[in-house]
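User: Please take a close look at one part of this model, the strands that run side by side in its interior, and describe how they are joined and what surrounds them. A single connected account would suit me.

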Amino acid sequence: MIVWFVAALAAMVVLSHTAPVPTSVDDAAGPRALWHVPPRGDRPTVYLTYDDGPNPTATPALLEVLARLEARATFFVIDTHVTRDTAPILRQMFARGHGVALHSADRWLLTASPAELSATLERAAAHIEQLAGSRPCAAFRPHGGWRSARMYRGLARGGYTLVGWSWMAWDWNWFRRRTGESVADRVARRARDGTIAVIHDGHHENPRANRQYAVEATERLVPALRERGFVFGSICDVVGPDGVAPEPPPTPRRQPARVPIRGRELTQIVTRAPRSSGERDPHGAPSWPGSCVEKRGALTPRDEADTCAVRNARSAAPMNGASARVVDVP
Ligand SMILES: [Zn+2]
């Protein structure tokens, strides 16, 4: 009896560190874990990600397909595959606006100390920057999705977000050979707003593996998703410079009030005056000429009379670090 209990417990512990879905280990990491992107824009977005490259036999063809279909993606590359020979592939990724982020080829990185892990990532990022001219963004995907609380501490130390993938939006078949068709079908079926799909354009041990299926899958997937209204985003736009994914926006989303100002609309006032001894009332009149008090949230018609905010909005060149957004009336 005890043996079974211990075995079940051990299985649960192993699964929480290796399962291809977020587990308690990821929950505890808060914003350092990204397994699905919260809705961000007006249009449903899919994040195509490619692992284990750069692969000179597949990645250039893949980049051509993405360019022809005008879709952006994110490449999780393995540091040791980045060489003088493959660096031009990375340069192309950067130049075409794709995300480039770090991947690992070692499952047991989950046992590395936080200091070791952050040093490893820093070395890899510097190596890529030196060879390809740009730095990968602050996203990291561990090999096979193997992770630990210790790994998350290392990521926090280095300023990285761990990026997983959405349920079943992956390219491995448990028992069958993968083909472009089967992978495209599965990912398309599973795609929702914020889906992170993972496809392998490389192999962690073989830097020149045959990954033609990844090129074919992409060729089918992009038009199929676009037809359903999806756009394609980069994970590097989602993780901030310090690697912390933003909080999901509050739901339901409120439309800000729109106040016409001579054919334009002020959608929000985010004017901000520097705190000074002259400031009296955060909601009252400005306390010195040419400055604005802070005002957040939707505009009310009364705000139209707020000459300070309106002036800032009109000039669209807000002063003193203040900002106000103006949109044209459709
Ligand atoms: Zn991998």
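Analyst: Helices here are DSSP runs of H or I with at least four residues, strands are DSSP runs of E with at least two, and both are numbered from the N terminus. On that basis the chain of this predicted model has ten helices and eleven strands. Of its 330 residues, 39% count as buried. Among contacts between residues at least 6 apart in sequence, 75% join residues at least 24 apart.

A place to begin is strand β4, residues 99–103. A residue is called buried if 20 or more other C-beta atoms lie within 10 Å of its own. Five of the five residues of β4 meet this, so the strand is largely enclosed by the rest of the structure. Gly99, Ala101 and His103 point one way from β4, Val100 and Leu102 point the other way, and all are buried.

β4 is joined to strand β3, residues 74–78, by five bridges, and the two run parallel. Within this pairing, Phe76 has Ala101 of β4 as its bridge partner. Between β3 and β4 the chain passes through helix α4, residues 87–95, in a right-handed β-α-β crossover.

β4 also pairs with strand β5, residues 139–141, again in the parallel sense, over two bridges. Here Leu102 stands opposite Phe140 of β5. The connection is helix α5, residues 114–132, and β4, α5 and β5 make a right-handed β-α-β unit.

Beyond β5 comes helix α6, residues 149–158, in which Met151, Tyr152, Gly154, Leu155, Ala156 and Gly158 are buried. The cover over these buried residues includes α5 and β5, as well as α2 (24–29) and β6 (161–163). Just after α6, Gly159 takes a positive phi of about 80°.

Returning to β3, this strand also pairs with strand β2: the two are parallel and share four bridges. Thr49 of β2 has Thr74 of β3 as its bridge partner. Helix α3, residues 59–68, belongs with β2 and β3 to a right-handed β-α-β unit.

β2 itself, residues 45–53, is mostly covered, with nine of its nine residues buried. Its other pairings include one with strand β7, residues 196–200, which runs parallel to β2 and is joined to it by five bridges. In that pairing, Leu48 is matched with Ala197 of β7. β2 further pairs in the parallel sense with strand β8, residues 231–232, over two bridges, and Val46 stands opposite Phe232 of β8.

Two helices from the later part of the chain complete the account. Helix α7, residues 180–190, packs on helix α8, residues 212–227, at an angle of about 35°, with their axes 8 Å apart. The crossing of α7 and α8 is right-handed. On the α7 side the contact is made by Gly180, Glu181, Val183, Ala184, Val187 and Ala188, and on the α8 side by Tyr213, Glu216, Ala217, Arg220, Leu221, Ala224 and Leu225. By type, the residues of this contact divide into nine nonpolar, one polar and three charged.

In short, β4 is paired with β3 and with β5, while β3 is paired in turn with β2. β2 is also joined to β7 and to β8.

How values were computed: Residues are numbered from 1 along each chain as its sequence is written. This is a predicted model: local features need pLDDT of at least 70, side-chain atom pairs count only at pLDDT 80 or more; totals for chains, interfaces and linings use all residues. A residue is buried if 20 or more other C-beta atoms lie within 10 Å of its own, exposed if 12 or fewer, and partly exposed in between; C-beta atoms are placed from the backbone. Two strands pair if DSSP finds at least two bridges between them. A crossover is right-handed if, with the strands pointing away from the viewer, the path from the first strand over the helix to the second runs clockwise. Two residues are in contact if their C-beta atoms, placed from the backbone, lie within 7 Å. Axes are lines fitted to C-alpha atoms, for helices over the stretch in contact, and angles run from 0 to 180 degrees between N-to-C directions. A crossing is left-handed if the near helix is turned anticlockwise from the far one by less than a right angle, and right-handed if clockwise. Ala, Val, Leu, Ile, Met, Phe, Trp, Tyr, Cys and Pro count as nonpolar, Asp, Glu, Lys and Arg as charged, and the others, Gly among them, as polar.
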